Amino acid sequence: MTERQIENRIKKLKEIEEQRKELKNQEKVLKEEIKTDMENKGLEEIQTKNFIIHWKEITSNTLDSKALRAAFPDICGRFTKQSISKRFTIA
């Protein structure tokens, strides 16, 4: 690719990223409206003609790796797995 082609692709990519951000914001607003309505009505589930919407509290348990590492650094080190990846950035 020429430098001009790369510049054009980056400009298009930036436009698409901006559109995605705007769509994400719209999605967030719509979801918040529905969740607020459900909370105001005291509902965890709503059934409509085409959809079933759930908004409920979920409890999950996760491992506190920071606390584990502080309390048992040798054990944590033995079970730590390294991963390698690549990162694409545009500045």
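This is a short tour of a predicted model, one selection at a time.

**Whole chain.** Start by colouring the protein chain by pLDDT. Its mean is 95, and 100% of the residues reach 70 or more. Now compare the elements. Helix α1 has the highest mean pLDDT, at 97, while α3 has the lowest, at 91.

**Helix α1.** Select residues 3-41. These 39 residues make up helix α1. How far apart are its end C-alpha atoms? They are 57 Å apart. At 1.5 Å a residue the helix should span 57 Å, so the two values agree.

**Glu18.** Stay in helix α1 and pick Glu18. Is this residue buried, partly exposed or exposed? Glu18 has a relative accessible area of 48%, so it counts as partly exposed, a class that ends at 50%. Next, draw a distance from Glu18 to Leu30, C-alpha to C-alpha. The two residues are 12 apart in sequence and 19 Å apart in space.

**Gly42.** Step just past the end of α1 to Gly42. Check its backbone angles: phi is positive here, about 70°.

**Helix α3.** Jump to residues 73-78, which form helix α3. Ile75 is found in this helix. Its relative accessible area is 36%, so Ile75 is partly exposed, lying between the cut-offs of 20% and 50%.

**The patch.** Keep Ile75 selected and add Phe72 and Phe79. Show the surface. What do these three residues form? They make a nonpolar patch on the surface. Together, Phe72, Ile75 and Phe79 have about 330 Å² of accessible area.

Notes. Residues are numbered from 1 along each chain as its sequence is written. This is a predicted model: local features need pLDDT of at least 70, side-chain atom pairs count only at pLDDT 80 or more; totals for chains, interfaces and linings use all residues. Side-chain values use heavy atoms; hydrogens and water are left out. Helices (H or I, at least four residues) and strands (E, at least two) are DSSP runs, numbered from the N terminus. The expected span of a helix is 1.5 Å times one less than its number of residues. Patches are made of residues with over 30% relative accessible area and no salt bridge: like charges are joined within 9 Å, nonpolar side chains (Val, Leu, Ile, Met, Phe, Trp, Tyr) within 5 Å. Accessible areas come from the Shrake-Rupley method with a 1.4 Å probe; for residues, only the protein chains shown count as cover. A salt bridge is a side-chain nitrogen of Lys or Arg within 4 Å of a carboxyl oxygen of Asp or Glu. Buried means under 20% relative accessible area, exposed over 50%, partly exposed in between (1.4 Å probe, protein chains only). pLDDT is the predictor's confidence in each residue, from 0 to 100.
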